[in-house]
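Dear colleague,

I am passing on the structure you will find just below, and after it I have set out what turned up when I went through it. Please read the notes with the structure open beside them.

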Amino acid sequence: MKRTFALICVFLFAASVSTIPHANASSGLVESGISQEFKSEITYCKVLDDDTVLLVTKAGAISANTLSGGILTPLWTFELNLTTTYAKIDPGEKMVAVIHDFGFLTFNIETEQVDQNKTLNSIPDSLDWDMDGDIWIAYHSGIRKAKEYRNGEYNGVQTSQISSGFFSFEITENNDLVMGGFDSKLHIFNQQGMLVTQKSEPTSYLSSLKDFGNGILVAGSGDGSLHFYDYNNSWSHSYLTISSQQIAYIDNFNDNSYFAIDGNDEIFFIDESSNLVTNSFSSNLGTMHVLGELSGQISVIFNSGSVGKILFYDLDGDGDGVSDSLDDFPFDPTQQADSDDDGFGDNINGINGDLFPNNPEQYADSDGDGYGDNELGEQGDLFPDNPEQWSDLDGDGYGDNSDGLMGDQFIEDPSQWNDTDGDGYGDNPLGNTPDSCPEVPGFSKLDRFGCLDTDFDFYSNPDSTFTAQDGADALPNDGTQWSDLDGDGFGDNPAPAINPDSCPSVAGNSTNEIRLDGTIIEKLGCLDSDGDSFEDLSDEFPSDATEWFDSDGDGVGANSDYDDSELLIITQEDYCRISGNQSNSCKSWNDLDYQEYLARDKTDGENDLSYAAWLAQKEAGLLDEDDSLMSAIKDVAVVGGGVFIIATVLIILVSFVAKRRKLNDLVKRYGVPFKPKDKTANEEALEGSAGLSATGGIESDESWDDEVEAMDFTEKSAESEEIETNTISAEELYDDESDISELAGIEVSSTETSEEDVSAMLQDEPQGSTDEKPSNPPPIPESGLPEGWTMEQWEWYGHEWLAKVGNK
């Protein structure tokens with residue numbers, strides 16, 4: 001069975017330590033805390049003769065270390081990369097034997113190398129070196145015996161089996177093998193593995209064994225007793241009970257004492273000569289190793305979880321329960337710590353107590369306000385005798401605690417310190433932001449400070465000493481307005497402010513503007529001469545309070561105009577007459593008799609009948625019939641005259657258009673606005689009827705066809721009315737851009753005669769002309785005959801044409 005407890009090593013480093021009485025070994029020691037932590041659990045610990053500490057960790061690290069103040073500092077380290085369970089150094093301190101998961105090995109401390117590594121089928125629980133340098137491996141259970149290995153090999157020597165099994169194994173200086181059995185007996189074997197003797201004095205199993213090299217073997221039992229066997233004197237026996245728990249480990253502390261640890265982690269220090277307990281203390285940390293230092297401190301190595309740790313027990317010179325290494329005042333039992341290192345202890349009730357343990361610049365506080373008397377130090381008190389004040393940021397002599405004695409209401413303003421009305425503005429009229437109303441709380445600040453501001457826009461309400469003209473709020477009940485330059489009651493701030501003045505420099509009482517489309521929008525504070533709420537610029541009737549808009553532009557306002565969307569309709573009469581509406585309201589207007597009745601000459605005091613009354617009397621025959629007849633005649637005359645005028649205009653227009661169309665066709669066909677007769681030019685000349693003769697052109701009316709057919713007013717069918725589908729209107733034929741040359745089909749250029757010259761040649765006959773054709777006809781132009789001319793015409797009139805062209 002593997003060991004269920006860890007090993008403990010105790011060593012005193014100085015040669016002079018033997019002069020220290022054992023009873024003082026733990027006196028004056030106090031727990032100082034965890035001083036070091038390792039990467040894995042500790043398997044073995046031993047202080048060597050050269051004062052180095054040999055450590056073997058469970059993770060397989062072997063190292064030599066120095067110890068100081070509870071800290072182990074490695075001198076060298078070797079990694080086995082194996083999991084260890086037990087280790088022990090040889091008597092010469094040269095080799096260390098280590099049990100691992102696959103067997104055991106030996107490690108040379110001097111060369112820092114593995115010497116031998118033996119693989120075993122069965123892993124032992126413990127081992128020990130004999131005085132010959134051989135290794136005995138012990139199986140506490142299972143085969144329950146020990147076997148000898150020489151030079152790493154089993155030599156066939158083994159002890160006999162202990163039927164009950166054993167708990168502990170130790171080889172004494174005289175080479176006896178001692179096993180503490182579960183049968184409460186001490187089994188002693190010689191080097192040949194033979195059982196020499198058994199000791200049955202213990203009444204419980206023997207849980208630990210230790211040979212101190214002085215001929216005495218100390219055995220700890222499960223009932224908390226120490227059994228002492230003198231192996232140089234026939235294994236004589238004595239014992240001492242020190243606990244009710246098993247003794248887990250025994251080791252020497254110094255040359256005069258040793259220690260034992262029980263199952264409750266109580267450490268007992270025992271005088272070697274008297275075997276009496278001289279001191280004890282409890283660690284409550286589990287299994288431990290213990291190391292002593294030269295100055296008397298103790299380092300307890302223990303395993304917690306999966307790591308090893310060191311708990312350091314330091315000296316306590318003043319006995320205040322704090323170790324000297326942690327005590328800032330090792331000679332003052334009333335002080336232990338000085339957090340700010342100012343020489344005054346953190347215990348305010350102790351000697352030289354520090355009232356400011358975390359402030360190295362303060363320690364005293366005369367007025368008890370929590371601020372130190374050192375004015376220049378951190379958290380210093382500028383008013384050390386005034387418990388209500390301690391700082392003065394602006395240096396005006398008034399403390400920053402506004403509610404305290406000599407309190408400053410303006411801690412960052414040296415020009416102000418008092419505020420009678422509590423509105424945040426100082427009473428000092430010569431200081432910054434002085435209160436203009438020091439006895440009335442107010443929040444104005446843009447025109448003057450500290451006065452009443454009803455609408456909270458930061459402009460003060462006007463009063464007898466400060467009016468709107470001085471800068472006070474012209475509109476004190478409107479938080480969005482404060483200025484009104486024209487004094488019309490509308491503020492100068494634009495929207496979204498409330499009631500913005502659209503004409504801030506002109507006083508006015510308008511509230512609306514009407515646009516061209518009749519939309520009404522708000523427009524405040526502009527001129528409104530007639531008081532109808534519409535500003536004058538948009539009011540189409542600025543002097544009429546009853547009208548402001550005229551949609552149809554007839555000069556009558558929309559409020560008076562019966563239909564303001566129709567130019568011709570102003571009154572209901574206009575509407576009824578134009579629309580032909582036959583509703584009851586329109587019948588009176590459409591009844592000409594009734595209108596004539598209303599327009600009659602009246603005698604004084606005569607009243608008009610309503611339309612209903614008049615109509616009733618008319619139907620009853622009570623009205624004058626002559627009046628009705630004359631009214632009918634007038635109506636017929638008016639209607640007939642209108643029809644006649646319209647028909648006459650239509651006839652003239654149709655005749656004009658027809659004539660123009662015919663002339664246009666003749667010009668396009670013959671080049672002249674008439675149809676030539678079927679006669680030769682000679683005949684026309686002899687008869688004096690030639691169209692272009694010297695007698696003055698066309699003389700016969702029939703050449704122009706001016707007769708206009710009588711218009712037919714009879715109704716025609718739609719088919720008869722469609723004379724031509726390509727009819728050209730007079731406007732299309734004679735538009736503003738047309739001229740006579742276009743109508744005559746003559747193209748006029750800079751080298752041709754003008755329109756007037758052509759007409760003259762065709763109409764005027766040259767003087768001295770005869771009826772005979774000229775004997776020498778003019779040459780034909782290179783461009784050919786003029787457009788529309790025949791050869792015969794050219795022979796007669798070509799000279800004249802050429803003459804006129806030559807003059808151009």
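Cys576 and Cys586 form a disulfide in this predicted model, with their sulfur atoms 2.0 Å apart. The torsion about the S-S bond of this pair is about -70 degrees, so the disulfide is left-handed. Because Cys576 lies in helix α1 and Cys586 in helix α2 (residues 584-590), the bond ties together parts that are 10 residues apart in sequence. Both Cys576 and Cys586 are buried.

A search of the whole structure finds 3 disulfides, and a second one joins Cys503 to Cys526, with an S to S distance of 1.9 Å. The link of Cys503 and Cys526 is right-handed, with 90 degrees about the S-S bond. Cys503 sits in the loop between β28 and β29, while Cys526 sits in the loop between β30 (520-522) and α1 (572-579), so this pair connects parts that are 23 residues apart in sequence. Cys526 counts as buried because its relative accessibility is 1%, the cut-off for buried being under 20%.

The remaining pair to describe is Cys437 and Cys451, which form a disulfide with their sulfur atoms 2.0 Å apart. With 90 degrees about the S-S bond, the link of Cys437 and Cys451 is right-handed. Cys437 and Cys451 are each placed in the loop between β28 (307-315) and β29 (512-514), and they are 14 residues apart. Cys437 counts as buried at 17% relative accessibility, and Cys451 is buried too, with a relative accessible area of 1%. If the bonded cysteines of the protein are numbered in sequence order, the pairing reads 1-2, 3-4, 5-6.

Turning to the protein as a whole, there are 11 helices and 30 strands, and of its 808 residues 41% count as buried. Among contacts between residues at least 6 apart in sequence, 31% join residues that are at least 24 apart.

Which residues have the most contacts inside the largest nonpolar core? They are Leu54 and Ile62, in a core of 16 residues. At least two residues of this core come from each of the strands β3 (53-57), β4 (61-68), β6 (84-89), β7 (95-100) and β8 (103-108). If neighbours within four places in sequence are left aside, Leu54 is in contact with Tyr44, Cys45, Lys46, Leu48, Ile62, Ser63, Ile89, Val96 and Ile109. Of these contacts of Leu54, Cys45 is buried, with a relative accessible area of 0%. Another core lies apart from the one around Leu54 and Ile62, and its 13 residues include Leu29, Phe253, Ile267 and Phe281.

On the outside, the protein exposes about 43300 Å², of which carbon and sulfur atoms supply 51%. A nonpolar surface patch of about 630 Å² is made by Phe644, Ile645, Ile646, Val649, Leu650 and Leu653. Leu653 is found in helix α5 (residues 625-670), and with a relative accessible area of 48% Leu653 is partly exposed. Leu653 can therefore belong to the patch, because its 48% passes the cut-off of over 30% relative accessible area for patch residues.

With best wishes

Notes:
Residues numbered from 1 in each chain as written. Predicted model: local features only at pLDDT ≥ 70, side-chain atom pairs only at ≥ 80, totals over all residues. Heavy atoms only, no water. Helix = DSSP H or I, 4+ residues; strand = E, 2+ residues; numbered from the N terminus. Buried < 20%, exposed > 50% of the residue type's maximum accessible area, 1.4 Å probe, protein only. Contact = heavy atoms within 4.5 Å. Areas by Shrake-Rupley, 256 points an atom, 1.4 Å probe, with all protein chains shown as cover. Patch = residues over 30% accessible without salt bridge, like charges linked within 9 Å, V, L, I, M, F, W, Y side chains within 5 Å. Salt bridge = Lys/Arg side-chain N within 4 Å of Asp/Glu carboxyl O. Core = buried A, V, L, I, M, F, W, Y, C linked by side-chain atoms within 4.5 Å. Disulfide = S-S within 2.5 Å.
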